[in-house]
Amino acid sequence: MFSVLSYGRLVARAVLGGLSQTDPRAGGGGGGGGDYGLVTAGCGFGKDFRKGLLKKGACYGDDACFVARHRSADVLGVADGVGGWRDYGVDPSQFSGTLMRTCERLVKEGRFVPSNPIGILTASYCELLQNKVPLLGSSTACIVVLDRTSHRLHTANLGDSGFLVVRGGEVVHRSDEQQHYFNTPFQLSIAPPEAEGVVLSDSPDAADSTSFDVQLGDIILTATDGLFDNMPDYMILQELKKLKNSNYESIQQTARSIAEQAHELAYDPNYMSPFAQFACDNGLNVREDAWLPRRRNLLPFTATAALCGPEP
C-alpha cells in the first residue's frame with residue numbers, strides 16, 4: 001500500500017504500502033485465491049524539512065493519518081484539519097489527529113463493518129462530540145477499507161481529500177471532490193455553543209461512498225487536498241510507474257520520491273499548479289491575489305495508498 005504521502009504548511013510527507021496475498025491456499029473472491037493484506041512503508045518532511053519515517057497515527061502540520069489492521073480488513077485514513085481555526089487560538093491538528101486516532105482504535109477493537117467506512121467515520125465523530133474535554137475544530141476525511149476476504153475496497157470521502165486507484169499505469173477509480181463553493185470543502189466540525197449554526201459543519205452521512213473490486217498489482221492512493229492541488233495525475237502516475245517491486249524498500253522509495261517532487265513544486269513560484277488553475281477557472285487572478293500562491297505552496301497534504309502484490 002502506498003500509504004501516506006503528506007505535505008503540509010512547510011511540510012511534505014509520504015507513506016507507502018503494498019497489498020499482499022496472505023494465504024494463497026485460502027479461498028477468496030475477486031481476482032485470485034487467498035486473503036489480501038497491506039504492507040506499509042513511509043517517509044516524510046517535518047516543518048523543519050528533516051526527513052523521517054511516517055508512523056501510524058501520525059500528525060503532520062494540520063493533517064493526520066492512520067493505518068490499522070484487523071483480521072477482517074486493513075483500513076487507511078487521512079484527515080486535513082481546517083487551518084482557519086488557528087485565527088481563534090485553536091490548533092487545527094488536534095481535531096484531525098484525534099479523529100484519526102479514534103478511527104484507528106475502533107478498527108483495532110473490531111468495532112466496524114468493512115463494507116461501511118462511513119460507519120467508522122460516524123462513530124469516531126460521535127465520540128468527539130461526546131468528549132468530556134471540549135475539542136474544537138474542523139476536518140475533511142477519507143477512509144479506505146480493504147476487505148481481505150472479498151478483495152473489495154470500500155471508501156468514504158468527505159470534502160476535498162480523496163483517493164486514486166491505479167491499475168496498469170492508469171487511473172481506474174477516483175473519488176469526487178465535495179465543495180460547498182471554491183476552497184470550501186465539506187467538513188466535520190465541532191464549534192463552541194455560541195458559534196453553532198454559524199460554523200460550517202457537515203454530517204458524516206454526507207460522505208461520498210463507493211465499493212469496488214481490487215486486483216493484485218493495483219495501487220490505491222488516498223490523500224488530502226495538498227497532494228492533488230500540487231501534482232496532476234500524470235505526474236503522480238509517472239512516479240508510481242517507477243515502483244517495480246512490492247517490498248518495503250521499493251515502496252518507501254516511491255513514497256519519498258513523490259513527497260520530494262510535491263515539495264519542490266509547492267515552492268516553485270512559476271509553477272501553475274492544479275489548484276492555481278482551479279482558482280483561475282473560478283475567476284481569481286493568481287498573479288494579483290497574493291494569498292493564492294502562498295495557499296498553493298503551503299497547503300497541507302497527507303496521502304495513503306496500497307500496492308497489490310504477493311506477500312514475500
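**View 1. The whole chain at a glance.** How many helices and strands does the chain have? There are seven helices and 17 strands. Keep in mind as you look around that this is a predicted model. Of the chain's 312 residues, 56% count as buried. Among contacts in the chain with a separation of 6 or more, 70% are between residues 24 or more positions apart. The chain exposes about 12,900 Å², and carbon and sulfur atoms supply 50% of that area.

**View 2. Here is the largest nonpolar core.** This core has 27 residues, and those with the most contacts inside it are Val-75, Met-100, Ile-120 and Ile-143. Two or more residues come from each of β6 (63–70), β7 (73–81), α1 (92–108), α2 (117–129), β8 (137–147), β9 (152–158) and β14 (188–190). Zoom in on Met-100: leaving aside neighbours within four places in sequence, Met-100 is in contact with Ala-64, Cys-65, Phe-66, Gly-77, Val-78, Ala-79, Ala-141 and Ile-143. Another core, of 18 residues, lies apart from the one with 27 residues. Its members include Val-166, Leu-240, Leu-265 and Tyr-271. As background, nonpolar side chains tend to be buried together in soluble globular proteins.

**View 3. Asp-74 and its surroundings.** Find Asp-74 in strand β7. Is Asp-74 buried or exposed? Its relative accessibility is 1%, and because buried means under 20%, Asp-74 counts as buried. The side chain of Asp-74 makes a polar contact of 2.5 Å with the side chain of Arg-148. Not counting residues up to four places away in sequence, Asp-74 touches Gly-37, Leu-38, Ala-68, Arg-69, Val-144, Val-145, Leu-146 and Arg-148.

**View 4. Strand β9 and its two partners.** Start with the neighbour on the other side of a hairpin: β8 and β9 have four residues between them, and His-151 in the turn has a positive phi of about 65°. β8 and β9 run antiparallel and are joined by seven bridges. One pair to look for is Leu-146 with its bridge partner Leu-153 in β9. β9 also pairs with β15 (residues 208–213), in the antiparallel sense over six bridges. Here Asn-157 stands opposite Asp-208 in β15. Why is β9 described as largely enclosed by the rest of the structure? Six of its seven residues are buried, so that description fits β9.

**View 5. Strand β16, buried on both sides.** All five of the five residues of β16 are buried, so this strand is largely enclosed by the rest of the structure. Ile-219, Leu-221 and Ala-223 point one way, while Ile-220 and Thr-222 point the other way. This is a nice place to recall a general pattern: in a regular strand the side chains alternate between the two faces of the sheet. β16 pairs with β10 in the antiparallel sense, over five bridges. Look for Leu-164, which stands opposite Leu-221 in β16.

**View 6. From Thr-224 to helix α4.** Just past β16, Thr-224 lies in the loop between β16 and α3. Thr-224 is buried, with a relative accessible area of 0%. A polar contact of 3.0 Å joins the side chain of Thr-224 to that of Asp-63. Now move to helix α4 (residues 233–240), where Met-235, Ile-236, Leu-237, Glu-239 and Leu-240 are buried. What covers these buried residues of α4? The cover includes β10 (162–167), β11 (170–174), β16 (219–223), α3 (225–230) and α5 (248–266).

**View 7. A glycine in helix α2, and two cysteines.** Gly-119 has its place in helix α2 and is partly exposed, with a relative accessible area of 27%. Asp-205 is 86 residues away along the chain, yet the C-alpha atoms of Gly-119 and Asp-205 are separated by 8.5 Å. For the cysteines, compare Cys-103, which is buried at a relative accessible area of 0%, with Cys-126, which is partly exposed at 32%. How many disulfides are there? The count comes to zero, where a disulfide is taken as a pair of cysteine sulfur atoms within 2.5 Å.

Terms used: Residues numbered from 1 in each chain as written. Predicted model: local features only at pLDDT ≥ 70, side-chain atom pairs only at ≥ 80, totals over all residues. Heavy atoms only, no water. Buried < 20%, exposed > 50% of the residue type's maximum accessible area, 1.4 Å probe, protein only. Contact = heavy atoms within 4.5 Å. Core = buried A, V, L, I, M, F, W, Y, C linked by side-chain atoms within 4.5 Å. Polar contact = N/O pair within 3.5 Å; in protein donor to acceptor, adjacent residues only side chain to side chain. Areas by Shrake-Rupley, 256 points an atom, 1.4 Å probe, with all protein chains shown as cover. Pairing = 2+ DSSP bridges.
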